[in-house]
Amino acid sequence: MDETYDIIVMGTGLTECILSGLLSIEGKKVLHLDRNDYYGGDSASLNLTQLFRQFRGGEAPPAELGRDRDYNVDLIPKFMMANGELVKILVHTDVTRYLEFKQIAGSFVYRDGKIAKVPASEMEAVRSPLMGLFEKRRAKKFFEFVQNYKQEDPSTHGGIDIAVTPMQNVYEHFGLEAGTIDFIGHALALHLEDSYLNRPAFETFDRITLYMSSMARWGKSPYLYPLYGLGELPQGFARLSAIYGGTYMLDKKVDEIVYEDGKVVGVRSGDEIAKCSQVICDPSYAPEKVQKVDRVIRAICLLSGPIPNTENADSFQLIIPQNQVKRKNDIYVAGVSSSHNVCEKNHYLAIVSTIIETDNPQVEIQPGLDLLGPIVDMFIQIADISEPIQNGTTDQVFVSKSYDATSHFETVCDDVKDLYKRVTGNTLVLKQRPSQEEEQKEMAA
Ligand SMILES: *[C@@H]1O[C@H](CO)[C@@H](O)[C@H](O)[C@H]1NC(C)=O
């Protein structure tokens, strides 16, 4: 470890591993450390032994759960939008070659005490019980407006400038009902709460467009998921970094970030010091540099079957919009199963999560737990959502944000791009890199 690097990265979460991959490709000498003996940090997928070590003080998992190696239990409930930024980064870096993806089978929303499918096609929309006939016509007009709107073409604006008009006014313009607004804002635009209503509409238009274009890509749902769990994502980027010379050390305790004249000069582990001119790390490696913005509760549930009223889907997202259960923040349920190689074949996994609003968070997720059917075992995690206080330009220590309560990786990618810009001074430009085969051909020619 006593060497000089350009950049030391601490924590092998997805954000850190993407950056380490991107910077290694550019020829930076990267050392990547993690205090855990596994990859992924807070975005890891754990086998049963690791899960019981983390949540049950090392108690042995019961034999009826099956083999340890059949489990890859995610710690955070996120899916990839098929047309989202993470897919673009995976293609740009050609990390897709290390991974296999499968669709998430369905997207559901809780409405008036029942679970309803989010329509995946025009046909499904016509038959959906989510809206009455007249409301469907109004909604159709609204969606056509969203689809046709082009900022540079005023003839598509219909007198509304979405760069300034609040979303609430756009809904009012189309005369949409409260239940429809809940559905659009929470199940399609994936807002966690209602503050977006007062912000300019373009943000929500972008989100609806992302949802619909992702849905159109594969049908069924807008989401993709890596076989063997989300933990495969950081590992894919770590492999990329290693190919370009990145050095990885797991199970390595980090004692101190070392500064000289207010700038980072290295990282100390025991009596070894690795020198560097920049550090990138997750909030747990620099607790004095972050502030708490929210707290989230996540209940990882082991189930004995698919959850009721989801057409026996082997995987799903279910959103309980806040208004439906008189809360400020939505409750999300994310489900996966053995068809994604994340658990033994007779079990299903679901994570119920929300942003904490009271002193009794477990009661807050009860509406989600109630929809799951029999729960075999449950592991509760309460985590701070933190973000850095400073942008890192002064001391060259760049801290990532925690994984937030959103159901996808779009905000993670925003953080990656933002960190990349601060670390390198350049904007991250995503284009498809030549594949390994093409590179070899080029070298042979
Ligand atoms: C970082 O923050 C400082 C103030 O703390 C500011 O002067 C500087 O412009 C910021 N840099 C970037 C890249 O945001």
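Q: How many bridges pair strand 6 and strand 9 in the antiparallel sense?
A: This is a predicted model, where local features need pLDDT of at least 70, side-chain atom pairs count only at pLDDT 80 or more, and totals for chains, interfaces and linings use all residues. Residues are numbered from 1 along each chain as its sequence is written, and side-chain values use heavy atoms, with hydrogens and water left out. Strands (E, at least two residues) and helices (H or I, at least four) are DSSP runs numbered from the N terminus, and two strands pair if DSSP finds at least two bridges between them. Strand 9 covers residues 223-226, and its antiparallel pairing with strand 6 has this many bridges: 3.

Q: Which residue in strand 9 is the bridge partner of Gln103?
A: Strand 6 takes in 101-103, and it pairs with strand 9 in the antiparallel sense. Look across from Gln103 into strand 9 and you land on Leu224.

Q: Which strands stand at the edges of the sheet with the order 5-9-6?
A: This one is an open sheet of 3 strands with antiparallel pairing. An edge strand here has a single partner strand, so one side of it is left without a neighbour in the sheet. That description fits strand 5 (80-81) and strand 6 (101-103).

Q: In the open sheet of 7 strands, what does the twist average from one strand to the next?
A: The strand order is 8-7-16-17-18-15-19, and the pairing is mixed. Strand 8 and strand 19 (375-388) each have a single partner strand, so each has one side without a neighbour in the sheet. From one strand to the next, the twist averages 20 degrees.

Q: Which residue in strand 8 stands opposite Arg111?
A: Strands 7 and 8 run antiparallel and are joined by 4 bridges. Strand 7 is 106-111 and strand 8 is 114-117. Opposite Arg111 in strand 8 you'll find Lys114.

Q: Is Asp112 buried or exposed?
A: Asp112 is found in the loop between strand 7 and strand 8, and its phi is near 50 degrees, a positive value in a residue other than glycine. The scale is relative accessible area with a 1.4 Å probe, protein chains only: buried is under 20%, exposed over 50%, and partly exposed in between. At 61%, Asp112 counts as exposed.

Q: What is the phi of Asn312 near, in degrees?
A: Asn312 sits in the loop between strand 15 (290-303) and strand 16 (316-320), and it is exposed, with a relative accessible area of 60%. Its phi is positive although the residue is not glycine, with a value near 55 degrees.

Q: Which cysteine has the sulfur nearest to that of Cys343?
A: The structure holds 0 disulfides, going by a cut-off of cysteine sulfur atoms within 2.5 Å. Cys343 is in none, its nearest cysteine sulfur being 13 Å away, and Cys343 is also buried, at 4% relative accessible area. That nearest sulfur belongs to Cys301.

Q: Are helix 3 and helix 9 roughly parallel or roughly antiparallel?
A: The axes of helix 3 (residues 85-93) and helix 9 (residues 232-243) come within 11 Å and cross at roughly 25 degrees. Axes are lines fitted to C-alpha atoms, for helices over the stretch in contact, with angles from 0 to 180 degrees between N-to-C directions. Under 35 degrees counts as roughly parallel, over 145 as roughly antiparallel, 65 to 115 as roughly perpendicular, and the rest as oblique. That makes helix 3 and helix 9 roughly parallel.
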